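Me: Here's a model I'd like to go through with you, one question at a time.

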Amino acid sequence: MSSIRFSLLYLLFAILPAANGGQPSLTQPAWIDDLHHGGYVIVLRHGATVSDQSNTDSMSRKNVPAERQLNAEGRAQAKSTGEAMRKLRIPVGMVVTSTIQRAVDTATLLGFGAVAATPDLAEGASPDESNQRALALRKLAATTPPAGTNVVIVSHKPNIVAAFGSDWSDVREGEASVFEPDRLGGYKLIGRIQASDWTRWAQAAD
């Protein structure tokens, strides 16, 4: 009898993942509702870029021809992320971006109005500069936004990994990390969001 029960349990666990089809959940996490009230810092990696430019120079200079740009997917990704955030009633009071053009374009295409660009969010050209910019990004993540709003920061993978650690070594283009400043000079991670999640949750909320 026990062998029969074991076989049935094995069959049940084998079937369940297939029945789910491996599809991501349409249900948004409960903490998304907290963003409605403001007080969070959303750190976004710029959108998808042209793959054949992935090895070109991307240091902290104004846009140059060698610098890789957003591709059509990245531009659509940024627009849909902004649209979804508005549908989800997430107020954004300020958007701060790297001076690198793919980050500026991502920030602009989100559609939250004027953006502020700073080299503090661009990739560093030396270890010392990278460390300084990681410190600047952590400081921004720890800064409480104006009442009733959230702040969006658009930066780059090297900055994000340097600021927040190796757990972000897999950060994808268009991915967001949501931080809550603790008003004591620190912050805590609330969650990480892929670009497609915003749209999926907004559609589910309709």
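**Loops, a buried acid and a cavity**

Me: Is arginine 183 buried or exposed?

Reply: Arginine 183 has a relative accessible area of 67%. Buried means under 20%, exposed over 50% and partly exposed in between, using a 1.4 Å probe and protein chains only. So arginine 183 counts as exposed.

Me: And what is its phi, before we trust anything?

Reply: This is a predicted model, where local features need pLDDT of at least 70, side-chain atom pairs count only at pLDDT 80 or more, and totals for chains, interfaces and linings use all residues. Residues are numbered from 1 along each chain as its sequence is written, and side-chain values use heavy atoms, leaving out hydrogens and water. Most residues other than glycine have a negative phi. Arginine 183 has a positive one, near 65 degrees.

Me: Which side chain of opposite charge is nearest to aspartate 105?

Reply: Aspartate 105 is buried and has no salt bridge (a side-chain nitrogen of Lys or Arg within 4 Å of a carboxyl oxygen of Asp or Glu). Lys and Arg count as positive, Asp and Glu as negative, with His and the chain ends not counted. At 4.0 Å, the nearest one is arginine 75.

Me: Where does arginine 89 sit?

Reply: Arginine 89 is exposed, at 57% relative accessible area. Its phi is positive too, near 60 degrees. Helices (H or I, at least four residues) and strands (E, at least two) are DSSP runs numbered from the N terminus. On that basis, arginine 89 is in the loop between helix 2 and strand 2 (92-97).
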